[in-house]
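Please work through the following exercises with the sequence and the model open beside you, and try each task before reading its solution.

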Amino acid sequence: MRVMIMGAGGLGGYLAACLARAGADVSVVGRGAHLQAMARDGLTLVSGGREERVAVRAAADPQAAGPADLIILAVKLYDVEAAVAAAAPMLAEGGVLVTVQNGVDAPAMAARILGPERVAAAAAYVSARIETPGVVLHTGAHARLDLGSRAAPPAVMAAIADLGRRAGLDVVEAPDIETALWEKFTFFSASSGVTALTRLPLGPLRDDPLTAGLLTRAIAEAAAVARALGVAVPDDLEARTAAVMAGKSPALKPSLLVDLERGRRLEVDWIAGTIHRAGLATGIDTPVQSCIYAALKPFSGGGLPGEKAPPASS
């Protein structure tokens, strides 16, 4: 299978390495020093104490990367529409684009360009980052993808799931992908929002009753909005999300906080912003998520308002 990875950051680079190792014909679209290193030396994956170099084609744009039967869209949320439009001509007939973003908006954004039958989504549970140009460090103990689509052909989805499993990924075929995305988004929106709002990692926030209350309320608001939108999230989603959060490392810094600290563009419009807008549309009160959105939106362009953001890492 010909696979194109749009956005070769930590997650995209990890998936590219795993799929190439499994025998897929993989091309990656990236930028900067990371792209140059991959074009020159290949992509190196460090995982579980082992280091492995795999051969991938690296290009700065999809046209140079070549046609693909599967496109994995691993760019930031603010780049989704532009990246889908750029990649669309290279998606082969019968091919599918899979979104792997942290939010819940990317599948609909992609479907408006490609049509729903050519779009799938995955809730990705992978911890990986660019360690140095050309080197991706996988820091987690697992790599799970909850994969699904409302309209893509079942045979195509089965082939993608099979490829992922052969690549060593824990691929779960989600019967309702919207539910799977909101289950992850409930955790991510709360953890990323409150850590970015306070500029603190997760541990100190859990330990203080006041900030722990913010986390609890942010979880509840996201879950309430999901239900108001008709998403079939579990009745105990709040308790399950709190349990997941309790088990995370106290040093956890979600990507939103890391981007804020480094003066990069923020995805807040599609995280707290999505919950804020959905709350207004459905009549659900979202004071914590709306406060997070209001406080971080001035920084969404990167750095202080009016400053030019540094380039993204992928």
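Is aspartate 41 buried, partly exposed or exposed, and at what relative accessibility? Aspartate 41 counts as partly exposed, at 36% relative accessibility, where buried means under 20% relative accessible area, exposed over 50% and partly exposed in between, with a 1.4 Å probe and protein chains only. This is a predicted model, in which local features need pLDDT of at least 70, side-chain atom pairs count only at pLDDT 80 or more, and totals for chains, interfaces and linings use all residues. Residues are numbered from 1 along each chain as its sequence is written, and side-chain values use heavy atoms, with hydrogens and water left out.

**Exercise 1. Describe the salt bridges of arginine 40 and glutamate 52, with the exposure of each partner.**

Step 1. A salt bridge is a side-chain nitrogen of Lys or Arg within 4 Å of a carboxyl oxygen of Asp or Glu, and by this rule the structure holds 19 salt bridges.

Step 2. Arginine 40 pairs in this way with aspartate 41, their closest N and O atoms being 3.0 Å apart, and arginine 40 counts as exposed at 59% relative accessibility.

Step 3. Glutamate 52 forms a salt bridge with arginine 21, with 3.3 Å between the closest N and O atoms. Because glutamate 52 lies in strand S4 (residues 50-54) and arginine 21 in helix H1, the pair ties together parts that are 31 residues apart in sequence; helices (H or I, at least four residues) and strands (E, at least two) are DSSP runs, numbered from the N terminus.

Step 4. Both partners count as partly exposed, glutamate 52 with a relative accessible area of 25% and arginine 21 at 41%.

**Exercise 2. Trace the contacts of arginine 144 and of the ring of tyrosine 125.**

Step 1. Arginine 144, which is partly exposed with a relative accessible area of 28%, forms a salt bridge with aspartate 146, the closest N and O atoms being 2.8 Å apart. Aspartate 146 is buried, with a relative accessible area of 7%.

Step 2. The charged end of arginine 144 also sits over the ring of tyrosine 125, 4.3 Å from its centre, the rule being that NZ of Lys or CZ of Arg is within 6 Å of the ring centre and within 35 degrees of the ring normal.

Step 3. Lysine 184 lies over the face of tyrosine 125 as well, at 5.6 Å from the ring centre.

**Exercise 3. Find the aromatic pair and place it in its helix.**

Step 1. Rings of Phe, Tyr and Trp (its six-membered ring) pair if their centres lie within 6.5 Å, and planes under 30 degrees apart count as stacked, over 60 as edge-to-face and the rest as tilted; the count comes to one aromatic pair.

Step 2. Tryptophan 182 and phenylalanine 185 form this edge-to-face pair, at 5.2 Å centre to centre and with 75 degrees between the planes.

Step 3. The two residues are three apart in helix H7, and are thus separated by about one helical turn.

Step 4. Tryptophan 182 is buried, with a relative accessible area of 3%, and phenylalanine 185 is buried too, at 0%.

**Exercise 4. Identify the members of a salt-bridge network.**

The residues linked in a network of salt bridges are Lys76, Asp259, Arg264 and Glu267.
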